[in-house]
Amino acid sequence: MARRDRPWLMRTYAGHSTARTSNELYRRNLGKGQTGLSVAFDLPTQTGHDPDHVLARGEVGRVGVPVAHLGDLRELFDGIPLERANTSMTINATAMWLLALYRVVAEEQGADPTLLRGTTQNDIVKEYLARGTYVFPPGPSLRLTTDTITYAVSHLPRWNPVNICGYHLQEAGATPVQEIAYTMTSAIAVLDAVRDSGRISPGRFGDVVGRMSFFVNAGVRFVEEMCKMRAFGDVWDRITRERYGVRDPAQRRFRYGVQVNSLGLTAAQPENNVQRVVLEMLAVTLSRDARARAVQLPAWNEALGLPRPWDQQWSLRIQQVLAEESDLLEYEDLFTGSHVVRARTQALAAEAWAEIGRVQEMGGALAAVASGYLKERLVESHARRRARVESGEERIVGVNCYPETEPSPLTADPDAAVLTVDPAAEGPVIEELERWRGRRDAAAAGRALDALRRTAGTGENLMFPTLDCARAGVTTGEWADALREVFGEYRAPTGVSGAAPTGAAPDPALAAVRRAAAGTARELGVGRLRLLVGKPGLDGHSNGAEQIAVRARDAGFEVVYQGIRLTPAQLVAAAVEEDVHCVGLSILSGSHAALVPDVLERLRAAGAGELPVVVGGIIPAGDAAALRAAGVAAVFTPKDFGITAIIGRIVDEIRLAHRLDPLEALS
């Protein structure tokens, strides 16, 4: 038998409810053959809030595990020897804090820090563009990243302190060219900052480059996606060789992990997601020269809600069958010499270089974030893709073609087809936080926080006082709040106002909605209908909200969109102040059951109880029924892929709320 390559690292992105529950899940997954851990943190942890913060309501343990202090991380990794583990932590604004907690727990286990292996994502640029878990302004955020890198290179030499992430850029609308270009410009911003810090000697800069890893997306167009991975490698090799003078080819290697496209999964005929996941995995495994170092696959039902352990096992087994049963790992690269692959790879790289040049001429990635350029380009690209899907130009099986289907036994009971996080789990987490604060040495925690603030005001490395904070029992929210006092907070550009219209081709459906909106406005005696698009809570996935805002604007609405991370009180105040005709709420984190009723109650208290409220998100059928019973006018889920139809429904709800005669069905 031919000699086989070693398989890639196999991970499952997991964590929910509590540290204890997640620890049990991790240990089961490792027992099933998973070879690496991938920790999902909840949104309060990602955004630097303790579980009892007002913005954390309904978010605790929803999309990941809550880690409020050292005790939580101890429990999360109880019985898992960190010296032998390979742990990926999807954490960005608070990456330094979580890495400090991880190091302290490893020390308590008796681990040698120089043997710790894993990754902190720590890529703040894409948070401003796509994922929304940023906390601080770009400058201080980049400092936290730089401090973490320079510390890790010297003290945690096998750890990847930064994982530049193109994954969420594709989810936000990036084309393959944009994903390459914007990922590379983010990497340049980080490496330039490390170089300019003066903390790493020129002779050791190759070590920094060699510890930089990437996290990319792979869509269902798997041939082009495979070429994209090869183009990534070519561009990265040239950047590190020409810009940074790295001579060692091993240090210049494009080392990446991948999760295939979760937002490409469909709620309609969700069983089709299995074959989508398989095809997407082929994009990052077929080509030996561009093969992923680590792969994590979403479950078939993630468009419906959180996957159950069995669903995640199915995704793990897909990887294992390819690696263990097929002959893929026995061969050299299958595409060497292919003129088709070479031509597409070269074209992607050339176009990416042109866009990299444009961004660098603006002053680099951070300047292009601040100006709104990057966000506007992503919103435009996403709008164009949505328009192609709605027109049928881009076909999605079970959504805009072949919708006929037999009843699926997988979703016969929709509420049982996904994992439901018990809302009651939030209470014990808060109670344990209160006990933690009561047990610790409060004076020692206060001194550690004072030292953190002082260091933040200097140019010294923040990792050292952060480690002291971890050992002193400081909480996640306290650590972040201390830095907020020095650095301030930040609201990134939304990209909505500067985004170009969805397309030049005439759209009869959009024209009909535009006429209906204009006619309704005339009947109400106003210039234009006004729509408030809001994202309550900590959910930063704003792609859907942005597309609704852009399409409503194209339909003639005046759109009020203030971005992410607002409280119900702030949204209601904006609705009243702007005198809007409808409130649209977007929530993908699962916190809709707590936050939407809060908005409804506050609207009634403000005398705006007749204002129609519509809600969109990943909302199970039972929750949707409960929201409608509570007074929500309409609930939209991923099955409602037609954005123009959604805007038309909003016009209908405005007319109904104002007791206007119904319009003819829009065509």
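This report describes two parallel sheets, the helices packed on them and several single residues in a predicted model.

**The sheet S2 to S6**

One open sheet contains five strands in the order S2-S3-S4-S5-S6, and their pairing is parallel. Its edges are strand S2 (13-14) and strand S6 (159-160); each has a single partner strand, so one side of each is left without a neighbour in the sheet. Helix H1 (residues 19-31) packs on this sheet, where H1 touches S2 and strand S3 (37-39). The direction of H1 makes about 155° with that of S3.

Further along the strand order, strand S4 (residues 86-89) pairs with strand S5 (residues 117-120) in the parallel sense, over four bridges. Within this pair, Ser-88 of S4 is placed opposite Thr-119 in S5. Helix H4 (residues 95-108) lies across S4, S5 and S6 and runs at about 155° to S4.

**The pair S7 and S8**

Strand S7 (residues 162-165) and strand S8 (residues 212-218) run parallel and are joined by four bridges. Cys-165 has Phe-215 in S8 as its bridge partner. The residues of S7 point in two directions: Val-162 and Ile-164 go one way, Asn-163 and Cys-165 the other. All of these are buried.

**The sheet S11 to S15**

A second open sheet also has parallel pairing, and its five strands follow the order S12-S11-S13-S14-S15. Strand S12 (558-561) and strand S15 (634-636) are the edge strands, each pairing on one side only. On average, neighbouring strands of this sheet are turned by 20° against each other, with direction ignored.

At one end of the order, strand S14 (residues 613-617) and S15 run parallel and are connected by three bridges. Here Gly-616 is found opposite Phe-636 in S15. Helix H25 lies across strand S11 (530-534), strand S13 (582-587), S14 and S15. The angle between H25 and S15 is about 170°.

**Helix H25 and helix H21**

H25 also meets another helix. The axes of helix H21 (residues 543-554) and helix H25 (residues 643-657) come within 10 Å and cross at roughly 70°. Because of this angle, H21 is roughly perpendicular to H25. The crossing in which H21 passes H25 is right-handed.

Which residues of H21 and H25 meet? From H21 they are Gln-547, Ile-548, Arg-551 and Ala-552, and from H25 they are Ile-643, Thr-644, Ile-646 and Ile-647. Five of the residues in this contact of H21 with H25 are nonpolar, two are polar and one is charged.

Gln-547 of H21 also takes part in another set of contacts, around His-382. The residue His-382 is placed in helix H15 and touches Glu-171, Ala-172, Gly-173, Asn-543 and Gln-547, leaving aside residues up to four places away in sequence.

**Single residues and their accessibility**

Is His-382 buried or exposed? Its relative accessibility is 11%, so His-382 counts as buried, the limit being under 20%. The table sets this residue beside three others.

| Residue | Place | Relative accessible area |
|---|---|---|
| His-382 | helix H15 | 11%, buried |
| Tyr-402 | loop between H15 and H16 | 52%, exposed |
| Gly-631 | loop between H24 and S15 | 43%, partly exposed |
| Arg-659 | segment after H25 | 69%, exposed |

Tyr-402 belongs to the loop between helix H15 (373-391) and helix H16 (426-439). Its phi is near 50°, which is a positive value in a residue other than glycine. Tyr-402 is exposed because its relative accessible area of 52% lies over the 50% limit.

Arg-659 likewise has a positive phi in a residue other than glycine, with a value near 55°. This residue lies in the segment after H25. At a relative accessible area of 69%, Arg-659 is exposed.

Gly-631 occupies the loop between helix H24 (621-630) and S15. With 43% relative accessibility, Gly-631 counts as partly exposed. Leaving aside residues up to four places away in sequence, Gly-631 touches Leu-600 and Arg-604. Gly-631 and Val-613 are 18 residues apart in sequence, while their C-alpha atoms are 7.9 Å apart in space.

Terms used
Residues numbered from 1 in each chain as written. Predicted model: local features only at pLDDT ≥ 70, side-chain atom pairs only at ≥ 80, totals over all residues. Heavy atoms only, no water. Axes fitted to C-alpha atoms, helices over the stretch in contact; angles between N-to-C directions. Parallel < 35°, antiparallel > 145°, perpendicular 65-115°, else oblique. Left-handed = near helix turned anticlockwise from the far one by under 90°. Contact = heavy atoms within 4.5 Å. Nonpolar A, V, L, I, M, F, W, Y, C, P; charged D, E, K, R; others polar. Pairing = 2+ DSSP bridges. Buried < 20%, exposed > 50% of the residue type's maximum accessible area, 1.4 Å probe, protein only.
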